[in-house]
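Let's work through some exercises on the spaces in a protein and what sits in them. Keep the structure open beside you and try each task before you read its solution.

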Amino acid sequence: MPEPAALLDAALALPFTGTLNGAAAPAAGDFGVENPATGREIARCPETAPNLVGGAIEGAREAQARWATTSFEVRRELLLEVADCLEAHADELAVLITAEQGKPLSAARAECSAMARGSLEGFSSMDLSPRILVDDAAQRVEAHARPLGVVAAIIPWNFPIHTTIQKLAPALYAGNALIVKPSPYTPLATLRAMEHLRSVLPPGLVQTLAGGDALGQALVKASGVDKVSFTGSTPTGRAVMAASAPSLKHLTLELGGNDAGIVLADADPREIAPLLVRSAFNNSGQVCHALKRLYVPSTLHDALAEELVSAASKLKVGDGFDAETDLGPLANRAQFDIVCRLVEDARERGARVLCGGAPLDRPGTFYPPTLLTDCTESMALVAEEQFGPALPLLTYDEVDEAVARANASEKGLSGSVWTPDIEAGERVAARLECGTAWINQHSAQPTANHVSFPFGGVKASGIGRERGEEGLREYTQTQVINRRK
Ligand code: NAD
């Protein structure tokens, strides 16, 4: 296999193009994409003018009308071809993800291979066949899952290919067409993946348009879009919901999180510390369901803090192209500035930094894994979604108090409880106001997520579910066929 640097040079030497009706989309201009490890521009990305949205929808509608007549078997075959195509180009796509997003190359490769295949195979193994509601002497009544039409997929920058495929797989399997808009920070791997997929997908079935927030707004407002599947921040989610209202679009909103973990007094610090550290710092903390706040019993604080520092200090921060790297840079300057500001603010308000706590003195947006203690909910680092590699520790004395403090957030994506007493863990988990409550794990462990587990938030963390049969059905509408005998 060629070296990553050679692969990247070759990938960047080819022009990037959006995909419109199976061919290169015309560009109205372009914008720069930076490598966060160097701060240098690596490519110009073509920008689709918002006035092309109408043509994209028209092409998608025509493709969708044909696609809706296909069987689930035909759709599954196509989705498996998509998985094969992504796998065949995974080396190229992975170097693009690492170069534009910063994450370690192995994690970038997993996005284009195992994770993508998991979504594509998983959704296309689910059963959407009609449900028989009544079948007696008088009538037969069936509930059919019909497609919605054209779906707009609006994507953030933390998992560009994974998030795209997690929307593409259920949308297409349910019989819809898709229009993808990647984040302007990380458009390159997605554009290239869709260029490769032109040889697999019927023209128009998946359109890919690159641009900034104005392009997203144009898609969300357009009356020909039937559903918006949005993943991104809570403020943008609110804007998407408002803009979708006039045309009454279906919506799935996967929004921000501020996940709390509650350690119970009988937990073993040495055993749980490496798992907690991975859950907080995976992808440099830029995971919507990363551990963001840790509630620790006062009696366990010192022992756990020591183990956490020891586990965090083993993580190597570096360029994602370095095979030794565990944590890459923060994905963009704006996110880096947020993390710097929030950690500094917490320190000024009395938090004690146990490790990390300041950006690395080198080009790029590198921030080390940071543990802080003596934290309170009055600090923005605790109260807001910081989306970075910082974990504040908050001590408590009574479990009821910890649950109340964990729940006193507008966010409710996921949470976790850490204890060898599984029944006690289940009792606390049931009281957490969140879409997923883990026991003795949190997001980053291999058993924490699967395409068959419905995932999503409560409160300001979102509306609807992705993944699982619930997630698939969000790309359908039910039609009842009621036949009198
Ligand atoms: P963001 O909300 O700034 O942008 C997300 C996407 O929305 C981008 O493509 C952007 O161009 C587009 N956009 C911006 N304004 C728009 C508008 N008014 N109308 C339509 N589209 C618009 O989010 P981000 O900074 O890219 O991503 C980080 C956020 O995403 C974090 O809050 C994180 O928690 C969240 N996230 C949530 C999940 C989840 O599953 N719940 C998963 C990953 C990320």
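A polar contact is a pair of N or O atoms within 3.5 Å; within protein, one must be able to donate a hydrogen and the other to accept it, and residues adjacent in sequence count only if both atoms are side-chain atoms. This is a predicted model, where local features need pLDDT of at least 70 and side-chain atom pairs count only at pLDDT 80 or more, while totals for chains, interfaces and linings use all residues. Residues are numbered from 1 along each chain as its sequence is written, and side-chain values use heavy atoms, with hydrogens and water left out.

**Exercise 1.** Find the polar contacts that hold Lys181, Thr236 and Leu255 against the ligand's N or O atoms.

Step 1: start with Lys181, whose side chain has an N or O atom 3.0 Å from an oxygen atom of the ligand.
Step 2: go to Thr236; here a side-chain N or O atom is 2.8 Å from a ligand oxygen.
Step 3: switch to the backbone at Leu255, where an N or O atom lies 2.7 Å from a nitrogen atom of the ligand.
Step 4: check the cover. On its own the ligand has 850 Å² of accessible area (Shrake-Rupley method, 1.4 Å probe), and the protein covers 89% of that.

**Exercise 2.** Describe the shell around the ligand: which residues come nearest, and which element gives the most?

Step 1: count a residue as near if one of its heavy atoms lies within 4 Å of the ligand. There are 29 residues around the ligand, and Asp213, Ser233, Thr236, Leu255 and Glu385 come nearest.
Step 2: sort by class, with Ala, Val, Leu, Ile, Met, Phe, Trp, Tyr, Cys and Pro as nonpolar, Asp, Glu, Lys and Arg as charged, and the others, Gly among them, as polar. You get 14 nonpolar, 11 polar and four charged residues.
Step 3: look at the helices (DSSP H or I, at least four residues) and strands (E, at least two), numbered from the N terminus. α9 gives the most, with four residues.
Step 4: bring in the domains, whose bounds come from an automatic or database assignment. Domain 1 (4-255 + 463-484) and domain 2 (260-450) both give residues to the shell, so the ligand lies between them.

**Exercise 3.** Where does the second largest pocket lie, and what lines it?

Step 1: set the rule. On a 1 Å grid over the protein atoms alone, a pocket is an open set of points with protein on both sides within 12 Å along at least five of seven lines; a cavity is a set where a 1.4 Å probe fits but cannot get out, and lining residues have an atom within 4 Å of a point. Points are joined across faces, edges and corners, and a volume is the space filled by probe spheres set on them.
Step 2: the second largest pocket holds about 190 Å³ of space.
Step 3: its lining has 13 residues, and Glu34, Tyr185, Ala331, Asn332 and Arg333 lie nearest its centre. Strand β3 (residues 29-35) gives the largest share, three residues.
Step 4: both domain 1 and domain 2 give residues to this lining, so the pocket lies between them.

**Exercise 4.** What is the volume of the largest cavity, and which residues are closest to its centre?

Step 1: its space comes to about 90 Å³.
Step 2: of its 15 lining residues, Arg293, Ala406, Ser414, Glu433 and Cys434 are the closest to the centre.
Step 3: by class, the lining divides into five nonpolar, five polar and five charged.

Technical notes. Near = heavy atom within 4 Å.
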